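Hello,

Here is the model I promised to pass on to you. Could you have a look at it, and then read my notes below?

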Protein chains: 4
Amino acid sequence: MSSTKLRLALFGSGRIGQVHARNIADHPELELVLIADPFIDGARALASRTAGRAVQDPDEVFADSTLDGVVIASPTPTHVDLMSTAAAHGLAVLCEKPIDLDIDTVLDCRERIKEHAVPIMLGFNRRFDPHFASIRTQVAAGAIGALEQLLITSRDPAPAPRDYIAASGGIFRDMTIHDLDMARFFLPNIVEVSAMGTNSFHDDTKALGDFDAATIILRGRDGEIVNITNSRHCAFGYDQRLEAFGSTGMLTAGNVAPTTVRRYGSNGTEEAPAYFPFFLERYAQAYRAELDAFALSIRTGDPCSPGFDDGVAALVLANAAAESAATGKTVAITD
Amino acid sequence: MSSTKLRLALFGSGRIGQVHARNIADHPELELVLIADPFIDGARALASRTAGRAVQDPDEVFADSTLDGVVIASPTPTHVDLMSTAAAHGLAVLCEKPIDLDIDTVLDCRERIKEHAVPIMLGFNRRFDPHFASIRTQVAAGAIGALEQLLITSRDPAPAPRDYIAASGGIFRDMTIHDLDMARFFLPNIVEVSAMGTNSFHDDTKALGDFDAATIILRGRDGEIVNITNSRHCAFGYDQRLEAFGSTGMLTAGNVAPTTVRRYGSNGTEEAPAYFPFFLERYAQAYRAELDAFALSIRTGDPCSPGFDDGVAALVLANAAAESAATGKTVAITD
Amino acid sequence: MSSTKLRLALFGSGRIGQVHARNIADHPELELVLIADPFIDGARALASRTAGRAVQDPDEVFADSTLDGVVIASPTPTHVDLMSTAAAHGLAVLCEKPIDLDIDTVLDCRERIKEHAVPIMLGFNRRFDPHFASIRTQVAAGAIGALEQLLITSRDPAPAPRDYIAASGGIFRDMTIHDLDMARFFLPNIVEVSAMGTNSFHDDTKALGDFDAATIILRGRDGEIVNITNSRHCAFGYDQRLEAFGSTGMLTAGNVAPTTVRRYGSNGTEEAPAYFPFFLERYAQAYRAELDAFALSIRTGDPCSPGFDDGVAALVLANAAAESAATGKTVAITD
Amino acid sequence: MSSTKLRLALFGSGRIGQVHARNIADHPELELVLIADPFIDGARALASRTAGRAVQDPDEVFADSTLDGVVIASPTPTHVDLMSTAAAHGLAVLCEKPIDLDIDTVLDCRERIKEHAVPIMLGFNRRFDPHFASIRTQVAAGAIGALEQLLITSRDPAPAPRDYIAASGGIFRDMTIHDLDMARFFLPNIVEVSAMGTNSFHDDTKALGDFDAATIILRGRDGEIVNITNSRHCAFGYDQRLEAFGSTGMLTAGNVAPTTVRRYGSNGTEEAPAYFPFFLERYAQAYRAELDAFALSIRTGDPCSPGFDDGVAALVLANAAAESAATGKTVAITD
């Protein structure tokens, strides 16, 4: 353990902000110094439960010259400005996805932060999930030969509120983007995207012109196929699975239940408990491991993974999926 | 048990013909009377191991007025003629898929046999698999609410010989067609097809202009999505799985191993045996149940399910998949 | 396949007799010639559904000089006489367990049949179960090193009728005897028996002075431990499991469900179907494989396994278990 | 969260002491003030990695009037003195099992501490394992009707060093005692004990007159049967399982692997990873939950569970098991 802790500020005291605040406070190498939120009561309540001082104005964060980095968990429209300003102040950044819903804004941001050689990490937390990470490590070690097919199942337990959906940028940019990054975690070079969206159960989503379920097919540079299945609801909880099929074998990761208990009765047998209900529980380990990696990048100066360009690439794929779903045509990805 | 057995003739003494011969011979209600094959040695060897008399000329079958029906397991190019002639002789027909690789030939055959009110069953044996059939029964009974997503995994253990592939009509018409029928078993009305084929490992297949793996997405009339994953090889055997996702739950069917034995060692735990290697073992029960259904249709005169029109519909979808994979565009299915 | 079928007679048209009748009738190498039962209507009904001719008097069986063997599935008190007479007539015998409930009667029978060199097989059908047999084969091949602990779980779905229990000889001689034979299938030389019986739910059984559940511990010659768990009821069906723990690993065999289907809902996940309810379904394959082995012994003249002495040994262990449960003392087994 | 943390001292800086030190240091309601160990270097190293001040003399602990409680993780022979002295100083005590290997010493200790109304908790950590605890909660809620049979499998990965075994008090008092407490967690009133020990693989253990494997059968007051299987080695890791069989169903808890990943290859399928290797990993959650319960008892003054008398009862059963294994007789337990 280092003798001095890394000093971090947090933007946003909402659902994800609360996860990060608790994890930073519990992390032996990190110190939560400031929590910034225009909704100051939220920041205060969070600070009292974890650590740090609540501030309303982001500039109070940038005025603190003792900081090492920031975690951006505020609403998406604030990401680009906060990230740019933080980089300009020499602060390392861990920014929740997406960088922005508009690709031009994202590319413009990239230009602006390029000159500041600070670590920028994108919050694609699932790369740090021990189940998925174990598969990737084994695939990289050749455990299943050449990776040929990757199947990603990703279903939310229930649709978000109407306001959230309206501002989300659509299922591909909001939900699928995590799966697109998972695809790129295994196969960074995607050359084609084909998508089919559907409205299977949720009138609100349909009224907003968005899909509540979708299937997305990607083609990798060497002919690998990625197959993503999404739904905005799932009766049995948060459905997060992965199947990596290779030339000499297959690896799968299943859902996670809180215990190994199984029940046997006259109507059914071997029944497992309900799975972890949503991302806070399912990816609890991943959020902590993400902070470990962020801390390490700050210490070493090594580039973060996933970094800014991974955020760009995922958004490009999400845009292509939206286009394919609208046109019924496969969309080619160019560099 | 009926007092008189139904008398059947079999065309073809190859791999599938042998399955049917054994099952007919063992069936308490069926009698295998004739086995016809131009390669008469094959027919003779099979008859000596099961039952019936070997004949070389199909006309010897049609000359036997004591027969109740025929099972057609000869090469695809012979299907239409044998089926038409059998129907014209008032014989019930169980014909292996596909009817023919050419849709016009198939539609023409339909016209010709329409007037003969004989039971025609198509050999989509997987409908009779107890695992898949159980899911369909439960879905129909509302066990998972409205069916929203259907995922079909279908991977062969190893590619067929080059000659077989060359004459197969391509992966969609030869292999996927079973999965397309399975899709229609759950969702008879498919309105859109999108497919992506790839060449991931097999040079022979590529040289023939065919794919060795493919992903196919179907849209049902009410927005349901079907997701089919195919590969021409699979290191761990014959991979045949189904996942039915509905508004209130999910049902899955996994692969089948010969025993429930599991092994625990220092490197891994809970290891199950290798799965049944290919369709003869995996679908052994299905082939027998198919004969039960065929016998019942002959007895009752009720229409067979799957019937001739199911063969037509699957071929239409396979053709659409091939077109979509070639053009990168979603193909609409019209009645 | 042999040119001539082996000709068998069956004693008993009850539950087990019906299993054997159907299996003999379906077996390509066996012919069911006679079914003998003092309750002639039962024999007639069974013969009409399977094969053979019904007779009332056992002597009609012994008068038929064309027979190769007999299957004895009549009530236990008839076993010794039928077996002795059959052996004297040079007929091979497959006799359901137990030979008799009285060890002196059994040993006396052994003396009488010793001189007739006919194959005698005992109906310990579980030795032919493919799941348990696979474990034994692997253990014998060294897959788990030295076998150190063997755990057998054996629970019936529900208690038999009061009359059956009253005549059964008690749980150890009636139910545990199968598990004791399974123990000896892996570890033929048992040197100590300790048992604890209990009355956990069934007043009828208690009133008869019998136990409705029991735990039996055996010690093998080389210090191996066998642990048997019995119950006369089981809410989730017929519970038949095995765990072989060795110096380098473990092999387990679980219960068998009719399909691989699993159900996922809001209250529970991965639920498997109800298991096969009782021995007719659970051990269907075993009963057929048992006949294969019997037929082979008749053809080759090789000793049957399990043979008469396996029946003796299992009864000796059952008696020791009963004594141990009564006295609270471990009982030594001497040769 | 309380405004003031509970102040604890820890005796012992060995393997278990290190677990407790880390957990106390990370616990939001607890403060690790002192670590006492005659081997002062161990205490110092541990304090530098966690928290608190290292001291050599236990009296330095008892001289600190600011403490709320102590955790005793020092060698067994020191337990009784430290517990008595701590109680006399009004300190709450969490003591690792066993209290002592000698029942008279334990009963004498009980007399001495009776007058001091301090919370005394025994370190039977498995009661806090979420898997086992979930089963007990469900059993108590009637999920499986009346509990009739309880099977506990408990195998260590490898035998401890010879010196440890020599001082351990034997397998029943050292290893089985955890399982005996687990039995009492479900069925507090045990009336009979029968045990069989064996030497299956370890010469050192045999040379010391101890067993390396054992099976123990307990009878509950209402006829319930508990079946414990122990081994001092296990090729596939730390084997910790539970099966609760009741009148209307069954609940099982399996082993725990670090991920849900499963591997499929040509030789085997569905292979899970190696399990957690030993108690530090397997029971990590349990050790933390144990501290939660200890903290709650200190705050509320409510009696601890498991408490001192649970330690007495487990030792009584262990002694009975040793006697039964030596004599071959079932031993009755009297109050």
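To begin with, four salt bridges link chain A and chain B, a salt bridge being a side-chain nitrogen of Lys or Arg within 4 Å of a carboxyl oxygen of Asp or Glu. One of them joins Arg241(A) to Glu243(B), with 3.1 Å between the closest N and O atoms.

Before the rest, a word on conventions. This is a predicted model, so local features need pLDDT of at least 70 and side-chain atom pairs count only at pLDDT 80 or more, while totals for chains, interfaces and linings use all residues. Residues are numbered from 1 along each chain as its sequence is written, chains are lettered from A and ligands numbered from 1 in the order in which they are written, and side-chain values use heavy atoms, with hydrogens and water left out.

Back to chains A and B. There are 19 residue pairs in polar contact between them, both residues at pLDDT 80 or more. (A polar contact is a pair of N or O atoms within 3.5 Å; within protein, one must be able to donate a hydrogen and the other to accept it, and residues adjacent in sequence count only if both atoms are side-chain atoms.) On the side of chain A that touches chain B, at least two residues each come from strands E7 (147-155), E8 (190-198), E9 (213-220), E10 (225-231) and E11 (239-246). E9(A) gives the largest share, six residues. Strands here are DSSP runs of at least two residues (E) and helices runs of at least four (H or I), numbered from the N terminus. By class, that side of chain A has 13 nonpolar, 17 polar and seven charged residues; Ala, Val, Leu, Ile, Met, Phe, Trp, Tyr, Cys and Pro count as nonpolar, Asp, Glu, Lys and Arg as charged, and the others, Gly among them, as polar.

Each of the two chains, A and B, puts 37 residues into the contact, which is defined by heavy atoms within 4.5 Å. Together they bury about 3000 Å², with 53% of that from carbon and sulfur atoms. In chain A, the most area is lost by Gln149(A), Met196(A) and Phe245(A), together 19% of what that side buries. Buried area means the accessible area (1.4 Å probe) that two parts lose on being put together, summed over both.

Now for chains B and D. Here 15 residues of chain B are in contact with 15 of chain D, and the buried area is about 1300 Å², 48% of it on carbon and sulfur atoms. Thr269(B), Glu270(B) and Glu271(B) lose the most area in chain B, together 34% of what that side buries. There are two salt bridges between these chains, including Glu270(B) with Arg262(D), whose closest N and O atoms are 2.6 Å apart.

How is chain B superposed on chain D? A rotation of 180° with 0.0 Å of shift along its axis does it, with an RMSD of 0.1 Å, which is the relation of a two-fold axis. The fit is by least squares on the C-alpha atoms of residues with pLDDT of at least 70 in both copies. Glu271(B) is the residue of chain B that comes closest to the rotation axis, at 2.0 Å (C-alpha). The copies meet through the same surface, because 100% of the interface residues of chain B are also interface residues in chain D.

Best wishes
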